[in-house]
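Thanks for asking me to look through this one with you. My notes are below as numbered points, so you can follow along in your viewer.

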Amino acid sequence: MRTRNFCMSMRSRVDKNGKEYQLKGVSTHGLQWFPQFVCKETFKCIRDEWGANAVRLAMYTDEGGYCDGADKTALKKLVKDGVNYATELGLYVIIDWHILH
C-alpha cells in the first residue's frame, strides 16, 4: 500500500515537498444507514468523474450507530473495506467517529 504524506503548515496543508495541497471529496454520511456507498466502484467514480482525492467514512455512535445497537462487527468491516478501497485508488481517507450527543 502506497501512502502520500502531508502536514499542516500555518493554515494550509502541504505535501512532503512543501507544496499546498487541498483535500476534495465526499462523505458517506452514516455508515449504518448507507453501507451500499462503501464500494470500490463508487470511490472510483467520485475520483474519476468528480475529481475527488479524499473520502470521509462517517461512523455514527448514536441513532442506530456503533454504540446504539448496530452490528459492530459489520460496521468495523465496512470501515476496513472502505479504507482498503480508497487507498487502492490513491484516495485519502478520513475516519469520522461521529458523536452528536
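1. **Elements and order.** Helices (H or I, at least four residues) and strands (E, at least two) are taken here as DSSP runs, numbered from the N terminus. Please keep in mind that this is a predicted model. With that vocabulary, the protein has 2 helices and 5 strands, and along the sequence they follow the pattern β-β-β-α-β-α-β. Of the 101 residues in the protein, 30% are buried.

2. **The β4-α2-β5 unit.** A good place to start viewing is the part built from β4, helix α2 (residues 72-88) and β5, which make a right-handed β-α-β unit. Strand β5 (residues 92-98) pairs with β4 in the parallel sense, over 7 bridges. If you want a register point to check, take Leu57, whose bridge partner in β5 is Ile95. As a reminder for viewing, side chains in a regular strand alternate between the two faces of the sheet.

3. **A salt bridge across the two strands.** The β4 and β5 strands also carry a side-chain contact: Arg56 and Asp96 meet in a salt bridge with an N to O distance of 2.5 Å. This pair links distant parts of the chain, with Arg56 in strand β4 and Asp96 in strand β5, 40 residues apart. Is Asp96 buried or exposed? Asp96 has a relative accessible area of 17%, so it is buried, since buried means under 20%. Arg56, with a relative accessible area of 23%, is partly exposed.

4. **Helix α2 over β4.** Arg56 is also a handy anchor for looking at the helix. Val83 is found in helix α2, and its C-alpha is 9.6 Å from that of Arg56, although the two residues are 27 apart in sequence. Val83 counts as partly exposed because its relative accessibility is 24%.

5. **A link between the helices.** In total the structure holds 5 salt bridges. One of them joins the side chains of Lys40 and Glu88, at 2.7 Å from N to O. Here too the pair links distant parts of the chain: Lys40 belongs to helix α1 and Glu88 to helix α2, 48 residues apart. In terms of exposure, Glu88 is exposed, with a relative accessible area of 52%, whereas Lys40 is partly exposed at 32%.

6. **Charged residues within α1.** Staying with helix α1, Asp48 forms a salt bridge with Lys44, and the closest N and O atoms are 2.7 Å apart. Why are these two separated by about one helical turn? They are 4 residues apart in helix α1, so the separation is about one turn. Asp48 is partly exposed, with a relative accessible area of 41%, and Lys44 also counts as partly exposed, at 40% relative accessibility. For the wider setting, salt bridges that share partners join Lys44, Arg47 and Asp48 into one network.

7. **Aromatic pairs.** The structure holds 3 aromatic pairs. In one of them, the rings of Trp33 and Tyr60 have their centres 4.9 Å apart and their planes at 55°, so the pair is tilted. Trp33 lies in the loop between β3 and α1 and Tyr60 in strand β4 (residues 54-60), so the contact ties together parts that are 27 residues apart in sequence. The partners sit in contrasting surroundings: Tyr60 is buried, with a relative accessible area of 8%, whereas Trp33 counts as partly exposed at 35% relative accessibility. Phe34 and Phe37 form a tilted pair as well, 5.9 Å centre to centre with 35° between the planes.

8. **The nonpolar patch.** Which residues make the nonpolar surface patch of about 270 Å²? Trp33, Phe34 and Phe37 do. Trp33 is found in the loop between β3 (25-30) and α1 (40-48). Patch residues need over 30% relative accessible area, and each of these can be checked in turn. Trp33 counts as partly exposed at 35% relative accessibility, Phe34 is partly exposed at 31%, and Phe37 counts as partly exposed at 39%.

Terms used:
Residues are numbered from 1 along each chain as its sequence is written. This is a predicted model: local features need pLDDT of at least 70, side-chain atom pairs count only at pLDDT 80 or more; totals for chains, interfaces and linings use all residues. Side-chain values use heavy atoms; hydrogens and water are left out. Patches are made of residues with over 30% relative accessible area and no salt bridge: like charges are joined within 9 Å, nonpolar side chains (Val, Leu, Ile, Met, Phe, Trp, Tyr) within 5 Å. Accessible areas come from the Shrake-Rupley method with a 1.4 Å probe; for residues, only the protein chains shown count as cover. A salt bridge is a side-chain nitrogen of Lys or Arg within 4 Å of a carboxyl oxygen of Asp or Glu. Buried means under 20% relative accessible area, exposed over 50%, partly exposed in between (1.4 Å probe, protein chains only). Rings of Phe, Tyr and Trp (its six-membered ring) pair if their centres lie within 6.5 Å; planes under 30 degrees apart count as stacked, over 60 as edge-to-face and the rest as tilted. Two strands pair if DSSP finds at least two bridges between them. A crossover is right-handed if, with the strands pointing away from the viewer, the path from the first strand over the helix to the second runs clockwise.
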